[in-house]
Amino acid sequence: MSSAIASIDSVRTPLRRAWSRFPGRARWRRVVASEGYQQFVALPPQHAYYRLTPRRLANLYLSRLEYLLGRKRLWSSPIKLTVESTNVCNLRCPACFTGAGETGRARGAMAPDVYERLLRELGPYLFEIEFHNWGEPLLAKQLVPMIEAAARQGIATTVSTNFSIPFDAERAERLVRSGLSLLGVSIDGARQETYEQYRVRGDLDLVLRNCRLVRDAKRRLGSATPRLIWEFHVFEHNAGDVALARTMAAELEMEISIDKGWVVGEEWDRGGDFAYFFNPRPYRCPFLWRHAVVNNDGGVAPCCGTFHKEDDRGRLAAGPDAPGARTFREVWNNDKFRLARRFFDSRTGSAADRQDVCFDCPITVSFEGLKRHRAAGGTRADFEVPYSTNDCFNYFWERRPPRPSE
């Protein structure tokens, strides 16, 4: 038996004993069986980058049970966290709120106190933290210390960057030494003339030079991390660059991820050769049960698709005397989060409830459609989701919640 398997079994064995004495196990076992036992017990990906502990594993299974049961008030903590290290960006990508010049909240970096309190509270339960959302994370001066603090707790860490910024060998070594698990680089083209059509103001030669700096730092330090991934979003204007990008990525010792890019308005090349990185399915939104998003100002968002502070579920205090919640759990189980979870049982409510960003979200509406389909004798397998990935993007893109001053 390998040491990794032995370690996992040493964690699972006491949990199995506790489960055998749990009074509600018969009902919960039926729920788990209906969704697939193997899927339920599977560990999150990135096994090499997080430290498995009894507390993490117990919270993982509790979170999955509560998700399947659709509980409104949760005992479990999130297993993944997105923290917006900064919402400032240097590029002007057209299908990004920040790139398009929208203002969802004040621009700036996350206060160290907010991050430190989040890590103290949630770190023992988290498998992964990603440090990006609506900004360029490498512009955040505190990013490397944030990564280092998470890595010390055995949490996998992810950064997605446009990498079109000044960088040098010293910074590359600091990033490699930080314990960063995965560095994704958004490079949507293999030539400057195609790349810059989406990554507006980006410099492809600079990006590639920076990728070499990280590759070379990994070689010097003998480090397998961070995994370097070329993230190629395919559009009509750059589809011809895919083969060249594969070759260039291999030369840079980068993996490559090729996904269809979403656009404002009608989907390009519907049903064509390229697929989105996910397709909407009729399920409860995982963000409301197990993946939390905290923005730079401490605003706790319902998911990564929302941009405006008016759609936040609550806010964490930025200091001991600042307004806001003192703990994440105060927000995680507040009225707004429980309302959003309730929509998956009953998409009804007052006029104010119906203005909530989660009420008309395609994920919520699709789940309601599945329930009607099943009530009429259908099955999940023959249910057709009425929304595409591009439709989901446009739902959030078109949303402009009213502000108090308006």
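Here are some exercises on the structure above, each with a worked solution.

This is a predicted model, where local features need pLDDT of at least 70 and side-chain atom pairs count only at pLDDT 80 or more, while totals for chains, interfaces and linings use all residues. Residues are numbered from 1 along each chain as its sequence is written, and side-chain values use heavy atoms, with hydrogens and water left out.

**Exercise 1: the sheet**

Work out which strands stand at the edges of the sheet.

*Step 1.* Get the strands sorted out: helices (H or I, at least four residues) and strands (E, at least two) are DSSP runs, numbered from the N terminus. Two strands pair if DSSP finds at least two bridges between them.

*Step 2.* Write down the order. Nine strands form an open sheet, E6-E5-E4-E3-E2-E1-E7-E8-E9, with mixed pairing.

*Step 3.* Look at the ends. Strand E6 (255-260) and strand E9 (314-315) each have a single partner strand, so one side of each has no neighbour in the sheet.

*Step 4.* Check the mix. E7 (residues 291-294) and E8 (residues 299-301) pair antiparallel over two bridges, with Val294 opposite Val300 in E8. E2 and E3, on the other hand, run parallel and are joined by three bridges; here Glu130 stands opposite Thr158 in E3.

**Exercise 2: a covered strand**

Find how many residues of strand E3 (residues 156-161) are buried.

*Step 1.* Use the cut-offs: buried means under 20% relative accessible area, exposed over 50%, and partly exposed in between (1.4 Å probe, protein chains only).

*Step 2.* Count along the strand: six of its six residues are buried.

*Step 3.* Split them by face. Ala156, Thr158 and Ser160 sit on one side, and Thr157, Val159 and Thr161 on the other, so both faces of E3 are covered.

**Exercise 3: two helices meet**

Describe how helix H7 (residues 169-177) crosses H9.

*Step 1.* Take the axes, which are lines fitted to C-alpha atoms, for helices over the stretch in contact; angles run from 0 to 180 degrees between N-to-C directions. The axes of H7 and H9 come within 9 Å and cross at roughly 60°.

*Step 2.* Name the angle. H7 is oblique to H9, given that under 35 degrees is roughly parallel, over 145 roughly antiparallel, 65 to 115 roughly perpendicular and the rest oblique.

*Step 3.* Give the hand. The crossing is right-handed, meaning the near helix is turned clockwise from the far one by less than a right angle (anticlockwise would be left-handed).

*Step 4.* List who touches whom, with contact meaning heavy atoms within 4.5 Å. Ala169, Ala172, Glu173, Val176 and Arg177 in H7 meet Leu213, Val214, Ala217, Lys218, Arg220 and Leu221 in H9.

*Step 5.* Sort by class: seven are nonpolar, none polar and four charged. Ala, Val, Leu, Ile, Met, Phe, Trp, Tyr, Cys and Pro count as nonpolar, Asp, Glu, Lys and Arg as charged, and the others, Gly among them, as polar.

**Exercise 4: positive phi**

Decide whether Gln46 and Glu253 are buried or partly exposed.

*Step 1.* Place Gln46: this residue lies in the loop between helix H3 (37-41) and helix H4 (54-69). Its phi is near 65°, a positive value in a residue other than glycine.

*Step 2.* At 17% relative accessibility, Gln46 counts as buried.

*Step 3.* Turn to Glu253, in the loop between helix H10 (242-251) and E6. Phi of Glu253 is near 60°, again positive in a non-glycine residue.

*Step 4.* At 44% relative accessibility, Glu253 counts as partly exposed.
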